[in-house]
Amino acid sequence: MGRRLIDDELWALVEPLLPPDKPRRATHPGRRPVPARTCLVGIVFVLKTGIPWEDLPAELGVSGMTCWRRLRDWHAAGVWDKLHAVLLSRLHGADRIDWSRAVVDSSSVRAMQRGEHTGPSPVDRRKPGTKHHLITDARGIPLAAHITGANRHDSTQLRSLVQAVPPVRGRRGRPRRRPKALLADRGYDAEPHRRWLRTLRIRPRIARRRTTHGSGLGAERWVVERTIAWLHQMRRLRTRFERRGDIHQAFLTLGSALICWNFLLPT
């Protein structure tokens with residue numbers, strides 16, 4: 001099971017990014033720590049199946065609480081962001097990132113335990129929810145993702161999404177982080193956004209409110225909706241159970257990295 005969830009090639013990318021284990025005491029060293037790869041398998045298993053931590057199968061060889069602590073600690077150490085950046089660099093080096101345009105969108109999920117970064121969802125009878133904000137390239141490769149309360153308007157997150165795209169290396173020359181154009185639906189319509197994007201030499205293609213439908217952007221914007229669907233196939237992202245915002249953000253960043261890894265696999 002573990003080999004299928006985390007293969008050797010992916011583990012070879014993850015292992016150098018992990019912080020070293022805490023030094024063991026010379027006297028009374030206690031039990032040996034669970035291998036990092038075993039913990040990562042448990043984390044990905046919970047991410048994909050959505051099961052509670054305490055229900056993690058015993059045959060995986062690690063407890064749910066141990067996996068939760070590793071997820072928390074590795075997120076604090078920036079492991080998931082680093083892994084995402086490494087995979088983006090691999091994709092850029094293989095010429096698989098299409099910088100001709102980027103696409104932004106969001107999706108709300110119910111937050112069962114309330115907690116940080118939650119709010120009354122306008123699309124779910126004002127029940128507590130969290131919103132996933134995402135920016136992808138023209139192929140649907142996730143470039144950045146973050147969470148807010150479900151009551152935050154999409155337009156407030158456009159700038160932070162664009163700024164969250166990391167410098168993508170992998171080819172000669174300066175790192176790349178700016179697409180040529182940005183596509184968005186009516187929820188992002190604001191003239192200050194258009195002016196700001198132009199200062200970055202990004203051509204804004206944002207649908208306007210109070211106009212008839214049929215902007216034509218859907219023919220290119222659907223890729224971000226497909227990527228959101230891929231993220232929500234990971235059941236821990238379809239419904240939020242974590243009270244802590246950093247834990248849910250860790251799952252979202254790890255899920256984005258796994259989608260990038262799938263784009264690297266041979267078709």
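This is a short talk on how some helices pack in this structure and on the cavity found among them.

Okay, hi everyone. One thing up front: this is a predicted model, so please keep that in mind as you look at the picture.

Let me start with helix packing. Two packed helices are described by the angle between their axes and the distance between the axes. I've picked three pairs.

First up, H5 and H10. Helix H5 covers residues 79-93, and helix H10 covers 245-264. Their axes come within 9 Å and cross at roughly 20°. Angles under 35 degrees count as roughly parallel, so that is what we call H5 and H10. The crossing is left-handed. Who's touching whom? On the H5 side we've got Trp 80, Asp 81, Leu 83, His 84, Leu 87, Leu 88, Arg 90 and Leu 91. Facing them from H10 are Ala 250, Thr 253, Leu 254, Ser 256, Ala 257, Cys 260, Trp 261, Phe 263 and Leu 264. Sort that contact by class and you get twelve nonpolar, three polar and two charged residues.

Now stay on H10 and bring in helix H8, residues 218-233. Here the axes are 10 Å apart, and the packing angle is about 115°. H8 and H10 are therefore roughly perpendicular to each other, and their crossing is right-handed. From H8, the residues in the contact are Arg 226, Thr 227, Trp 230 and Leu 231. They meet Leu 252, Gly 255, Ser 256, Ile 259 and Phe 263 of H10. The class count for this one is five nonpolar, three polar and one charged. If Ser 256 and Phe 263 sound familiar, that's because they turned up in the H5 contact and turn up again in the H8 contact.

Third pair: H3 and H4. Helix H3 is residues 36-49, and helix H4 is 64-76. Their axes come within 9 Å, crossing at roughly 95°, so this pair is roughly perpendicular too. H3 brings Ala 36, Cys 39, Leu 40, Gly 42 and Ile 43, while H4 brings Thr 66, Cys 67, Arg 70, Leu 71 and Trp 74. That makes seven nonpolar, two polar and one charged.

While we're here, take a look at the loop between H3 and H4, where you'll find Gly 61. Leaving out residues up to four places away in sequence, what does Gly 61 touch? The answer is Val 34 and Thr 38. Gly 61 and Thr 38 sit 23 residues apart in sequence, but their C-alpha atoms are 7.1 Å apart in space.

Last topic, the empty space. Rolling a probe the size of a water molecule over the atoms shows where empty space is left. How many cavities of 30 Å³ or more are there? Just one, with a volume of about 40 Å³. Its lining is Ile 6, Leu 10, Val 14, Leu 40, Val 44, Leu 83, Leu 254 and Leu 258. Helix H2 (8-14), H3 and H10 each give two or more of those residues. By class, the lining has eight nonpolar residues, with no polar and no charged ones.

And some of these names are old friends. Leu 40 lines the cavity and is also in the contact of H3 with H4. Leu 83 and Leu 254 line the cavity and also belong to the contact of H5 with H10.

That's it from me, thanks!

Methods:
Residues are numbered from 1 along each chain as its sequence is written. This is a predicted model: local features need pLDDT of at least 70, side-chain atom pairs count only at pLDDT 80 or more; totals for chains, interfaces and linings use all residues. Side-chain values use heavy atoms; hydrogens and water are left out. On a 1 Å grid over the protein atoms alone, a cavity is a set of points where a 1.4 Å probe fits but cannot get out, and a pocket is an open set with protein on both sides within 12 Å along at least five of seven lines; lining residues have an atom within 4 Å of a point. Grid points are joined across faces, edges and corners, and a volume is the space filled by probe spheres set on the points. Helices (H or I, at least four residues) and strands (E, at least two) are DSSP runs, numbered from the N terminus. Ala, Val, Leu, Ile, Met, Phe, Trp, Tyr, Cys and Pro count as nonpolar, Asp, Glu, Lys and Arg as charged, and the others, Gly among them, as polar. Contact means heavy atoms within 4.5 Å. Axes are lines fitted to C-alpha atoms, for helices over the stretch in contact, and angles run from 0 to 180 degrees between N-to-C directions. Angles under 35 degrees count as roughly parallel, over 145 as roughly antiparallel, 65 to 115 as roughly perpendicular and the rest as oblique. A crossing is left-handed if the near helix is turned anticlockwise from the far one by less than a right angle, and right-handed if clockwise.
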